[in-house]
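Here are my notes on the model you sent over. I've put them as numbered points so you can go through them with the structure open.

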Amino acid sequence: MKRDLTCINCPLGCTVTVTMDEDGEITDVTGNTCKRGEVYARNEVKNPVRTITSTVKVEGGSSYSVPVKTADAIPKEKMAEAMKEINGASISAPVKVGDIVIESVADTGIAVVATANR
């Protein structure tokens, strides 16, 4: 089985092909122009993760919302659940960069933090 991916580690956007055996084990990675492309492709096939950026409502402040992001990448399959939590969250003003908005989004153990002062 082969899976073609577009690497997102740099602007080159290499098309990387990951070849897997019948058990789903990776046997070959081709098309990448650097080691980062190979690492990306292996991770994307076996354990895809994403960092989420969004906004959260600010209560009692002069701004309606504050930009937030996950402190680390979360499993891709948890994105919908995480966004539901983020969309329902709010934080009281004043908000400082790094303030924790959600301690463990989608039960991942990864926090959602503010990325601006409000």
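1. Start with S54. Leaving out residues up to four places away in sequence, S54 touches V66, P67, V68, M83, I86 and N87. S54 sits in strand β5, which covers residues 53-59. Its relative accessible area is 19%, so S54 counts as buried, the cut-off being under 20%. Do keep in mind throughout that this is a predicted model.

2. On to S90, another serine in a strand. S90 belongs to β8, residues 90-92. With 38% relative accessibility, S90 is classed as partly exposed, because that label covers values between 20% and 50%. Its contacts, again without residues up to four places away in sequence, are V56, K57 and E59. If you want a distance to check, S90 and V101 are 7.4 Å apart, C-alpha to C-alpha, with their positions 11 residues apart in sequence.

3. Now the overall layout. The chain has two helices and 10 strands. Reading from the N terminus, the order is β-β-β-α-β-β-β-β-α-β-β-β. There are two domains in the division: domain 1 takes residues 2-46 and domain 2 takes 53-114. Their centres, taken over C-alpha atoms, are 31 Å apart.

4. What radius of gyration does the chain have, and what would a compact globule of 118 residues have? The chain comes out at 18 Å, against a value near 13 Å for the globule. Along the principal axes, the C-alpha atoms fill a box of roughly 55 × 30 × 15 Å. Of the 118 residues, 34% are buried. As for contacts with a separation of 6 or more, 42% of them join residues 24 or more positions apart.

5. Have a look at the largest pocket, which has a volume of about 180 Å³. Its lining is made up of I8, N9, R36, V39, Y40, N43, E44, N47, P48, V49 and R50. The elements that give two or more residues to this lining are α1 and β4 (49-50). Helix α1 gives the most, with five residues. By type, the lining residues divide into five nonpolar, three polar and three charged.

6. N9 is one of the residues lining that pocket, and it's worth a closer look. N9 lies in the loop between β1 (2-6) and β2 (15-20). Leaving aside neighbours within four places in sequence, N9 is in contact with R36, G37 and Y40. R36 and Y40 are also in the pocket lining. N9 counts as partly exposed, with a relative accessibility of 34%. For a sense of scale, N9 and V58 are 33 Å apart, C-alpha to C-alpha, and 49 residues apart in sequence.

7. Is E38 buried or exposed? E38 is buried, with a relative accessible area of 19%; the cut-off for that label is under 20%. E38 is part of helix α1, residues 35-46. Apart from residues up to four places away in sequence, E38 touches V29 and N32.

8. Next, some backbone geometry. Most residues other than glycine have a negative phi, and most peptide bonds are trans. Here, the peptide bond from A93 to P94 is cis, with omega near 0°. P94 is found in the loop between β8 and β9 (100-102).

9. There are also positive phi values to check. A106 has phi near 50°, and A106 is not a glycine. D107, also not a glycine, has phi near 55°. A106 lies in the loop between β9 and β10 (112-114), and D107 lies in the loop between β9 and β10 too. What about their accessibility? A106 is buried, at 0% relative accessibility, whereas D107 is exposed, with a relative accessible area of 67%. The cut-off for exposed is over 50%, so D107 gets that label.

Terms used: Residues are numbered from 1 along each chain as its sequence is written. This is a predicted model: local features need pLDDT of at least 70, side-chain atom pairs count only at pLDDT 80 or more; totals for chains, interfaces and linings use all residues. Side-chain values use heavy atoms; hydrogens and water are left out. Domain bounds come from an automatic or database domain assignment. Helices (H or I, at least four residues) and strands (E, at least two) are DSSP runs, numbered from the N terminus. Buried means under 20% relative accessible area, exposed over 50%, partly exposed in between (1.4 Å probe, protein chains only). Contact means heavy atoms within 4.5 Å. On a 1 Å grid over the protein atoms alone, a cavity is a set of points where a 1.4 Å probe fits but cannot get out, and a pocket is an open set with protein on both sides within 12 Å along at least five of seven lines; lining residues have an atom within 4 Å of a point. Grid points are joined across faces, edges and corners, and a volume is the space filled by probe spheres set on the points. Ala, Val, Leu, Ile, Met, Phe, Trp, Tyr, Cys and Pro count as nonpolar, Asp, Glu, Lys and Arg as charged, and the others, Gly among them, as polar. The radius of gyration is taken over C-alpha atoms; the globule rule is 2.2 Å times the number of residues to the power 0.38.
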